[in-house]
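The following exercises are to be worked with the sequence and the coordinates at hand. Each task is followed by a solution in steps.

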Amino acid sequence: MTTVPVPYRVTAASAETADCVSLEVTPVGQALPGFTPGRFAMVYAFGVGEVPISVSAIGGGHRLVHTVRAIGAVTGALCRLRAGDAVGLRGPYGVGWDLDAAAGSDVLVVAGGIGLAPLRPVVRHVLGHPGHYGRLRVLIGTRAPEDLLYREELAHWRRAAAQVEVTVDRPGPGWRGSVGLVTTLLDRVDTRPDRTTALVCGPEVMIRHTARALLARGLPAHRIQVSLERNMRCGTGHCGHCQLGPLLLCRDGPVVGYHRTRSLLAVREL
Amino acid sequence: MTAWPLLLDTLPQVQRERLFTLAGERDFPAGGTLFDEGGVADRFWLIRSGEVALDVYVPGRRAQVVETLGPRQQLGWSWIFPPYRWHLGARALCPVRTWEFPAAEVRELCTADTELGYELMLRCAALIADRLQATRLRLLDLYAPHGSVPS
Amino acid sequence: MIGRDGLTALVEVLRARGYTVVGPTVQDGAIVLRELESAAQLPYGWGVDLEAGQYRLRPRTDGAAFANAAGPQSWKTFLHPARVRQWTAERVDGELVIEADDTPPPRFAFLGVRSCDLRAVAVQDRVLTAGPHPDPTYRGRRSGAFLVAVECTEPGGTCFCASMGTGPAAGPGYDLVMTELVDDAGHRFWIRGGSPEGTDVLAELPGEPASEALRTAAVHAVASAAGRMGRTMPDTDLHRLMAETLDAPRWDDVASRCLTCGNCTMVCPTCFCTTTEDVTDLTGNHAERWRVWDVCFNLDFSYLPGGPVRASPRSRYRQWLTHKLGTWYDQFGSSGCVGCGRCVVWCPVAIDITEEAAALHDWTRRAEDGAS
């Protein structure tokens, strides 16, 4: 019954930034199988409502992590949850990152802001399968150093041979890293356009700009996967809210090849 | 994609070599100043490794870094236009290796070899446009708390 | 072949089999779908005059029951209800107990499903049950439903099913199908079974085998109805037309008339969009999830943090029309329009979907001419 939430318990709630919390949830009884990187759940805050949230980690024992940013009533309620609290989950829904298509090729992850959350399981998966993929590069743009997600894990990724580059819009005192838009990082990495798969998530403006920059560097549109956002109420393709032209993003997305979305994203108010 | 600096990436090899005859290797230590706002823009650099911060001096505050540049990127375009003065300051965030190009000689080469000059200016214009676009997007404050961000 | 007494028996047989029989009746100046206790409630002797933005009942002298085109409602009212409680949740000692609403679905028998509406049911079947997550409410109501189709012999001024290929002859999917004939030989219905249960029901009705003459007359009546449609959809690839006209100036024109009231979506037999409402009681320990019809003309429909994606009326009308006639193919493999004409009738400012499609078609042809 995919319209009814299944009870999960928050087993850990950790503040990532001032307004982002990672909720580790574990099924109370029956688990929801089938989560893969890029797919999402409808997460229910009791009595408040439901929001679509991509998984930011898929653990053993049916544990899932959702990284939530407090931007509204439901996400605010979710961010106030503590270990032991109850949530409801429906899912998994949608199409995730096509990692099979990336097999054997370099993987270029480009994340803006909380767009890193749905990409984290991709990085973990690629690092966990050495030999399956070529070089892994993770380019992250964020607002300020204190808004950077998963700081400790990034160091781990670097030790595991991923190239991880971070750039911020607003450096504070003490920031010794890059300043600028995430696309500036594309200049710094030696991309092999004929053997690279790019996975992009962030605000839609950032996605469009990044995809254009990747095309300009010779990546074909079908090797650029983007994760898009629209209003979602049901997750099952029935409520009609998440339409982007011919696509129902909860069903045909949220991850879609840029070759299918390029012209759609160019139409205002589509 | 080769590891050539982006400015020269697609330049015909003959022209690239002509330009490089003018270049010298130049390294900067961490914290070293490449130029200051208002100084004479008599050279530019193509960064080979390391990171350079472009900053604006604000009295009473630390220099505000507005952007950083790294490997394969071009540093400096004030040398192209009169009055050849830097608009920002530039400091090495870590040890930086560059190819340094003398501005006057490059401009002379461009004048003498207009074909090369045109190709080089096209690329400079593209880089400037690219940075202008990036700056405009940063003006939107894309990752602001109220912004449209996938959850 | 059955007569009016056969129709009376049909309602009785279906009720005896446990069905809630729903059919057209006259109420509040319109043909309204509601539960029938007897066939006497059918709108015998009522016709309708339909125009853009206009619906009027008109007495008929022939006593026909089904010669009155599509009314304001469609069968989605019963199969895909406007308000559904999906589940209830209790918080007990910090635990969530969530239970699906397991109200047994009613078993409906729909009497008088017009060809366009029969197609509309098939369209909603695909939308709501064909994917990996079939909707339990719809499936529960639909799987038990008994459909008595009626072929159209008297199309209205806003009908265009012939040009959509959805009528006036009934397509598959019915349990029984009738063609109503009123002539010198009397008031008769040529009735055929379309399913094993339909055939069983048919066997219980008082009637006689249809003569060759009756069949010929019925086929002719339906065929002639095809030529009397009040509207026509332009004969072009609408799927492609919608994809190619997203920047047509016509959208500004229609936006200047559209009130974004959403009436077209309410009366459309295929419009399926919903939203959710979460409610709690005062103790805060009991919550319910309700699913309610939603309208793509609402600003909230496309809301994202920061604001609605489709803020302008232009974009919202465009969404409705391009979805209905175009992107529906991409999403569900067919058109979302069945040519019933309800959106034309019930638009308060008389916007006509066929006229809008024709205008877009003209625009592309002019653009092609201009380019050549």
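**Exercise 1. The fold of chain B**

Describe the order of secondary structure elements in chain B and the extent of its C-alpha trace.

Solution. Read from the N terminus, the elements of chain B follow the pattern α-β-β-β-β-β-β-β-β-α-α. Counting by type gives three helices and eight strands. The C-alpha trace of chain B, in this predicted model, spans about 50 × 35 × 30 Å along its principal axes. One backbone detail may be added: Arg72(B), although not a glycine, has a positive phi, near 75 degrees. Arg72(B) belongs to the loop between β5 (64-69) and β6 (74-75) of chain B.

**Exercise 2. The interface of chain C and chain A**

Characterise the contact between chain C and chain A by residues, buried area and polar interactions.

Solution.

Step 1, extent. Chain C contributes 48 residues to the contact and chain A contributes 41 residues. About 3600 Å² is buried between the two chains, and carbon and sulfur atoms account for 56% of this area. Of the area that chain C buries against chain A, 18% comes from Leu96(C), His133(C) and Gln331(C), more than from any other three residues.

Step 2, polar interactions. Between chain C and chain A, 26 residue pairs are in polar contact, counting pairs with both residues at pLDDT 80 or more. The salt-bridge rule finds two cases across this interface. Glu95(C) forms a salt bridge with Arg9(A), with the closest N and O atoms 3.1 Å apart.

Step 3, elements. On the side of chain C that touches chain A, the elements that each supply at least two residues include β5 (83-92), β6 (95-100), α3 (115-129) and α11 (313-332). The greatest contribution to this side is that of α11(C), with eight residues.

Step 4, composition. Sorted by class, the side of chain C that touches chain A holds 20 nonpolar, 17 polar and 11 charged residues.

**Exercise 3. Packing of two helices in chain C**

Determine how the axes of α9(C) and α11(C) are oriented and which residues form their contact.

Solution. Begin with the geometry: the axes of α9 (residues 250-257) of chain C and α11(C) come within 8 Å and cross at roughly 105 degrees. Angles of 65 to 115 degrees count as roughly perpendicular, and the two helices are therefore roughly perpendicular to each other. Next, list the residues in contact. From α9(C) they are Trp251(C), Asp252(C), Val254(C) and Ala255(C), and from α11(C) they are Pro313(C), Arg314(C), Tyr317(C), Arg318(C), Leu321(C) and Thr322(C). By class, this helix contact has six nonpolar, one polar and three charged residues.

**Exercise 4. Surroundings of Thr26(A)**

Which residues does Thr26(A) touch, not counting residues up to four places away in sequence?

Solution. Thr26(A) is located in strand β2 (residues 20-27) of chain A. With residues up to four places away in sequence left out, Thr26(A) touches Tyr8(A), Arg9(A), Thr11(A), Gly61(A) and Arg63(A). With Thr11(A), there is a polar contact between the two side chains, at 3.1 Å. Arg9(A) also appears in Exercise 2, as the salt-bridge partner of Glu95(C).

**Exercise 5. A salt bridge within chain A**

Identify which parts of chain A are tied together by the pair Asp106(A) and Arg192(A).

Solution. A search over all chains of the whole structure finds 50 salt bridges. In one formed by Asp106(A) and Arg192(A), the closest N and O atoms are 2.8 Å apart. Asp106(A) lies in strand β8 (residues 106-112) and Arg192(A) in the loop between α5 (184-188) and β12 (196-201) of chain A, so the pair ties together parts that are 86 residues apart in sequence.

**Exercise 6. Cis peptide bonds**

Where are Pro254(A) and Pro168(C), each joined by a cis peptide bond, found?

Solution. In chain A, a cis peptide bond joins Gly253(A) and Pro254(A), with omega about 5 degrees. Pro254(A) is in the loop between α7 (249-252) and β16 (255-257) of chain A. In chain C, a cis peptide bond joins Gly167(C) and Pro168(C), with omega about 5 degrees. Pro168(C) is in the loop between α5 (161-164) and β9 (176-183) of chain C.

Conventions
Residues are numbered from 1 along each chain as its sequence is written. Chains are lettered from A and ligands numbered from 1 in the order in which they are written. This is a predicted model: local features need pLDDT of at least 70, side-chain atom pairs count only at pLDDT 80 or more; totals for chains, interfaces and linings use all residues. Side-chain values use heavy atoms; hydrogens and water are left out. Contact means heavy atoms within 4.5 Å. Buried area is the accessible area (1.4 Å probe) that two parts lose on being put together, summed over both. A salt bridge is a side-chain nitrogen of Lys or Arg within 4 Å of a carboxyl oxygen of Asp or Glu. A polar contact is a pair of N or O atoms within 3.5 Å; within protein, one must be able to donate a hydrogen and the other to accept it, and residues adjacent in sequence count only if both atoms are side-chain atoms. Helices (H or I, at least four residues) and strands (E, at least two) are DSSP runs, numbered from the N terminus. Ala, Val, Leu, Ile, Met, Phe, Trp, Tyr, Cys and Pro count as nonpolar, Asp, Glu, Lys and Arg as charged, and the others, Gly among them, as polar. Axes are lines fitted to C-alpha atoms, for helices over the stretch in contact, and angles run from 0 to 180 degrees between N-to-C directions. Angles under 35 degrees count as roughly parallel, over 145 as roughly antiparallel, 65 to 115 as roughly perpendicular and the rest as oblique.
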